[in-house]
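Here are some short exercises to work through with the structure open. Try each task before you read its solution.

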Amino acid sequence: MKWQATIGLEVHVQLATQSKIFSGAPTAYGAPPNTQACPVDLGLPGVLPVLNEQAVRMAVRFGLAIGAQINERCVFDRKNYFYPDLPKGYQISQLDHPIVGRGKLEFALPDGAQRTVTITRAHLEEDAGKSVHDAVPGATAVDLNRAGTPLLEVVSEPEMHTPAEAAAYFRALWQLVRAIGICDGQLQEGSMRCDANVSVAPTGSDTLGERTEIKNINSFRFVERAVRYEIERQIDVLESGGRIVRETRLYDDERDETRSMRAKELSDDYRYFPDPDLLPVEIDAAFIEAVRADMPELPSARQARFETDLGLPADRAAALAEDAELANYFEAMTAAEADPVLAANWLLNDVAARLNADELGIRQSPVAAEDLAMLVRRLSDDTLSSKTARTVFDRLWAGARGVDAIIEQEGLKQMDDSDALAAIVAEVVAGNPDQAEQFRAGKDKVLGFFVGQIMKRTQGKANPKQVNILLREALK
Amino acid sequence: MSVRDISQALAAGSYSSVEITRRYLQTAESRNDAINGYISITPEVALAQAEAADARRGRGEATPLTGVPMAHKDIFCTRGVRTTCGSRMLANFVSPYDATVVEQLAHAGAVMLGKTNMDEFAMGSSNENSSFGAVSNPWDTGRVPGGSSGGSAAVVAAGMAPFATGTDTGGSIRQPAAFCGVSGLKPTYGRVSRYGMIAFASSLDQGGPMARTVADLALPFAYMAGFDARDSTSAQRSEPWLEAMRQGEVPQQSNGLRIGLPAEYMAKAGDSGAALEAAIKALEALGHSIRPVHLPHTEAAVPAYYVVAGAEASTNLSRYDGVRFGHRAEHPTDLTDLYERSRTEGFGAEVKRRILTGTYVLSVGYYDAYYRQAQKVRRLIQQDFLQAFTDVDVLLTPTTPNVAFAKAALTQDPVAMYAQDVFTTPASLAGLPALSLPCGFLDGLPLGMQLIAPHFEEQRLLALGAQYQEATDWHTRTPEFAP
């Protein structure tokens, strides 16, 4: 039998607000345990939540970016369950009236095919704290720093069918939330966490199979692997005559498998009801328009602008636009009058390779955009050859500043004294009569030999175009 | 002594805040064995605040409340002084922050004598549900003072504090005020910040003042009221009369008001019937007109109230799990055991009953039949009132169906106990301001009447109540208290 998998993702996006969603405590990552939890986050007797308007603004921004309906009135509900890292015994979330309604996300698969996935809804909620199992011997410790961090839970329709598609969707969402500045996108810090709902059914069946939910996946690679594993597991179960049990599973990245966490057959009763401590949130057109006016350029619009205004080829424009910080860096270079195509090439080739090798992001690049822009300008005006440019780049990477100063110090300026160069060319031709004869006999390849000799004599500073012209002259 | 007398005497320099505070501390200490109105008496805090108040007066920076002693219901969080909410669960809980009400009264210079007894988590109508022992009614120590603000009502009635704060969810200020022969105001929902007031039922809870007379409610009310950015349900309003009240003004009633008598309430007036007739005559004599009105959904108020309040309470009390604060079971074997035993040991029977019923009404399959239905009833009751207020300015009703009952009389019958709230829950569900004030006696026990006004019209209630008290003397009677 042939099987078709169906995948839906629920992605928790940590919003990059300064303070928590219902309290004034800071949200910064990595503080010592329980130092960023105020009485409200601790759920002390008598405390009350007050909604952070910035979180609302970010949710609306997301809604606009996916072309969704922004609900005029949204309601916060209590989701009741007991857990040590859930201080109040309930999580404030949104059930029936989420802030963001139906929208869609467009993205490309690795093979270049375009896909559109429907986003059912996105709602605001508070994060829980963390249970730490290895901090205190024989006990579980609770760190409530994260408690109350604003989350936007983005729920997709079950419209994806392959692990690669699921991973591409997650990546596209990651790019989008960073581009619109609502999430720092630090996956290793848990800034985006994904739950995957997976089911399989015989190909062509019009009903979906029973689904399982894989919890808390936090990288693109793991989404792909966890979903792949789960699809294969379900097919195995079904093909050996078994039945899929509705349950929550956990992906173990070390063993590359999913494991059952708890059966969901009796479906948890969270006793949702509207939180009486919070009034319904009314969002009017003026608020939405203000958010819209404030909206950063979306990656798709940016890519189009890079292509039409700056003349970048589509693949280069896309590669830059999909990473907001890289695109910002690129635009800082073009603002400093670097040639766009050269700038893009440098960024996506030399710079990207070095960043990759040193495991750095563009934000941590030791080379300032202004310096790299100047390097590109010196290439354009033929002061540098591509070879000497790399030398300058090495110096910049090592911490030197000022492209012109480096060129000066290192004596890398391309020879533009054509008499001197002509003399060197004449010398080299005279010193290698056999090769000169071969060239004249029609063996064009020998030209490379002469260029190499001349470059060696000039330590790479000769202008290759000029060398070419002078050589052909001298070899006539 | 009245709040106004003390305020004036302090202003005139007849005595200092330290002196009057000492006198109240003495009375409180000596009578508390018999009344049990205080869970904590805090002489050190009181005297320090009194000294500060005297110094402030010396600098010419006193408000009319500066140096006036008072008591807080033990539901208001007080930094450094334990806040028990009447529960074993919080027997040792010391809040790291002050409730907004506590902060505002302290800021005005009021002096806290202690924290008053209450039904556990404000759940009860007799104060017998306190983990710190029942409170006795100063008029007859064999009887209950009402609840849940029974401690506040009793200490005011017994002269152990000039005024006290209370909270009212379904009648918890008004019913004990009636039983103890004092005046109590439940303000409009949203008028007084709930921040730091331990939650029972968030959509109903409202803090308010309790004092001997209506005139004495105005000053503390004005300092308790006001917008608080820390409470999302707090109302953002600016009313000049509130500011005038903070300066010591008592609102005056001159115009003839249209006073509505809801037929559904009067039919069940019981013990209060005769006293209400007399009150009606007194009000008419003051130039007000009386007319009958109908509030047809009144009967559904008590059940709707117990569904809504139970639902909210069941989740408000989830935070008491033994993990971070409050009672924690010893030697838990695992997480479930920690939860179960901490809550079993920490909560009393009535609290457990309400958590269970509240959990039930929110459960899948029952939500629509109970919680959603109760919300519908709530809207109908609100509409009843809005309709009535198109015809009348204020409503007059009994506060309770009977005088204070004997201790243990209703403890075995929760439904009969809940029926005590028949006249007070409707205004709670509608979020309306309501005042209870003494209107007579039956067999030596006080009776109370209730005035209900449209949203945010506390001024009207206080003005009318004060005017009534100028014409009557029920409020001047004090229990022949034998310690």
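Let's warm up with Arg191(B), which is buried at a relative accessible area of 4% (buried means under 20%, exposed over 50%, partly exposed in between, with a 1.4 Å probe and protein chains only). A word on the ground rules: this is a predicted model, where local features need pLDDT of at least 70, side-chain atom pairs count only at pLDDT 80 or more, and totals for chains, interfaces and linings use all residues. Residues are numbered from 1 along each chain as its sequence is written, chains are lettered from A and ligands numbered from 1 in the order in which they are written, and side-chain values use heavy atoms, leaving out hydrogens and water.

**Exercise 1.** Find the salt bridge between Glu458(B) and Arg191(B), and work out which parts of chain B the pair ties together.

*Step 1.* Check the contact: N to O is 2.8 Å, and a salt bridge needs a side-chain nitrogen of Lys or Arg within 4 Å of a carboxyl oxygen of Asp or Glu.

*Step 2.* Place the partners: Glu458(B) sits in helix 17 (residues 458-471) and Arg191(B) in the loop between strand 5 (183-186) and strand 6 (206-211), so the pair ties together parts 267 residues apart in sequence. Helices (H or I, at least four residues) and strands (E, at least two) are DSSP runs, numbered from the N terminus.

*Step 3.* Check the cover: Glu458(B) is buried too, at 0% relative accessibility.

**Exercise 2.** Is Asp321(B) buried or exposed?

*Step 1.* Its relative accessibility is 1%, so Asp321(B) counts as buried.

*Step 2.* Look at its salt-bridge partner, Arg324(B), with closest N and O atoms 3.5 Å apart. Arg324(B) is partly exposed, at 23%.
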